[in-house]
Amino acid sequence: MSETSIPIPSHHMSYAQFADRLVKSSNIRRYKLKLIGIDEFEKIGLEYPVYKVTINKGAKRKFCIVAGVHGYEVAGPLSLLYFLEEGKIFRDNDIEYTIFPMINPTSFDLKQRFNDKGSDVNALYKTTLESENYTEIQLFYNEIEKKTFDVFLSLHEDIDESTYYAYIFEKERQKIYRSLLHAVSKVMPITQKSVIEGDELDR
């Protein structure tokens, strides 16, 4: 797949088109693609496959990247799809990349925040892991429950903000997150706000 042949993913694409391109790029680039489960849209009888991509399995450092938690936040999954197709970003052989390009496929097709059951799957708790309304987060949790990561990135999109920002949750202050923010700041603006939606930011 040459660079010139890769069409930019569109926010008008369906999840079927997204999944088709993901499978094709994984075959071409020789990524390890795993079907982690099926998300059922019960009202209309459709089944949505949910995938995990692994690159450089067994490498010492472990990165996990998640996108598509909220269906109308398309920047994360569409960017990941493009970068996976392009094959330039995930080249560091010292890093094992575990990528969940689209956690919530029904909400992507519905172009809304919540899944087809009206649930916000950005909620990993004991109650959601036991509820039939949170299949997506359960599939994800089953894959990462016994794993540890050096870096965990959950990509979201805030249409009310014109700058980049990150909520950083850590037990001890990790230099790597600041290095990532510093690198990003060279190509896009980072907010100088200290709080958004009531939560503190790492600036």
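This briefing covers the overall fold, the aromatic pairs, the salt bridges and one helix of the structure above. The model is predicted. The chain holds 6 helices and 7 strands, and 43% of its 203 residues count as buried. A compact globule of 203 residues would have a radius of gyration near 17 Å, and the 17 Å of this chain agrees with that.

**Overall fold**

- Along the sequence, the helices and strands follow the pattern α-β-β-β-α-β-α-α-α-β-α-β-β.
- The C-alpha trace spans about 45 × 40 × 35 Å along its principal axes.
- Among contacts with a separation of 6 or more, 67% are between residues 24 or more positions apart.
- About 12000 Å² of the chain is exposed, and carbon and sulfur atoms supply 50% of that area.

**Aromatic pairs**

- The whole structure contains 9 aromatic pairs.
- In one of them, the ring centres of Tyr15 and Tyr48 are 5.7 Å apart with the planes at 40°, so this pair is tilted.
- Tyr15 belongs to helix 1 (residues 15–29) and Tyr48 to strand 2 (residues 46–55), so the pair links distant parts of the chain, 33 residues apart.
- Tyr15 is buried at a relative accessible area of 2%, and Tyr48 is buried at 6%.
- Phe63 and Tyr97 form an edge-to-face pair, because their ring planes stand at 80°, with centres 6.1 Å apart.
- This pair ties together parts 34 residues apart in sequence, since Phe63 lies in strand 3 (residues 61–66) and Tyr97 in strand 4 (residues 95–100).
- Phe63 and Tyr97 are both buried.
- One aromatic cluster is made up of Tyr15, Phe18, Tyr48 and Phe108.

**Salt bridges**

- The count of salt bridges comes to 11.
- Lys24 and Asp20 form one of them, at 3.2 Å from N to O.
- Lys24 and Asp20 are 4 residues apart in helix 1, which means about one helical turn separates them.
- Both ends of this bridge are partly exposed, with relative accessibility of 47% for Lys24 and 37% for Asp20.
- Arg21 bridges to Glu85, with the closest N and O atoms 2.7 Å apart.
- Arg21 is in helix 1 and Glu85 is in helix 2 (residues 75–86), so this bridge ties together parts 64 residues apart in sequence.
- Arg21 counts as buried at 15% relative accessibility, and Glu85 is buried at 3%.
- Lys52 and Glu143 meet in a salt bridge of 2.9 Å, N to O.
- With Lys52 in strand 2 and Glu143 in helix 5, the bridge ties together parts 91 residues apart in sequence.
- Lys52 and Glu143 are both buried, and a network of salt bridges links them with Lys34.

**Helix 5 and Glu136**

- Helix 5 is largely enclosed by the rest of the structure, because 8 of its 10 residues are buried.
- The buried residues of helix 5 include Glu136, Leu139, Phe140 and Glu143.
- Glu136 is located in helix 5, which runs over residues 135–144.
- Although buried, Glu136 has no salt bridge.
- The nearest side chain of opposite charge to Glu136 is Lys117, 5.4 Å away, whereas a salt bridge needs the nitrogen within 4 Å of a carboxyl oxygen.
- Leaving aside residues up to four places away in sequence, Glu136 touches Asp39, Ile103, Asn104, Thr106, Asn115, Asp116 and Val121.

Notes: Residues are numbered from 1 along each chain as its sequence is written. This is a predicted model: local features need pLDDT of at least 70, side-chain atom pairs count only at pLDDT 80 or more; totals for chains, interfaces and linings use all residues. Side-chain values use heavy atoms; hydrogens and water are left out. Rings of Phe, Tyr and Trp (its six-membered ring) pair if their centres lie within 6.5 Å; planes under 30 degrees apart count as stacked, over 60 as edge-to-face and the rest as tilted. Helices (H or I, at least four residues) and strands (E, at least two) are DSSP runs, numbered from the N terminus. Buried means under 20% relative accessible area, exposed over 50%, partly exposed in between (1.4 Å probe, protein chains only). Lys and Arg count as positive and Asp and Glu as negative; His and the chain ends are not counted. Contact means heavy atoms within 4.5 Å. The radius of gyration is taken over C-alpha atoms; the globule rule is 2.2 Å times the number of residues to the power 0.38. Accessible areas come from the Shrake-Rupley method with a 1.4 Å probe; for residues, only the protein chains shown count as cover.
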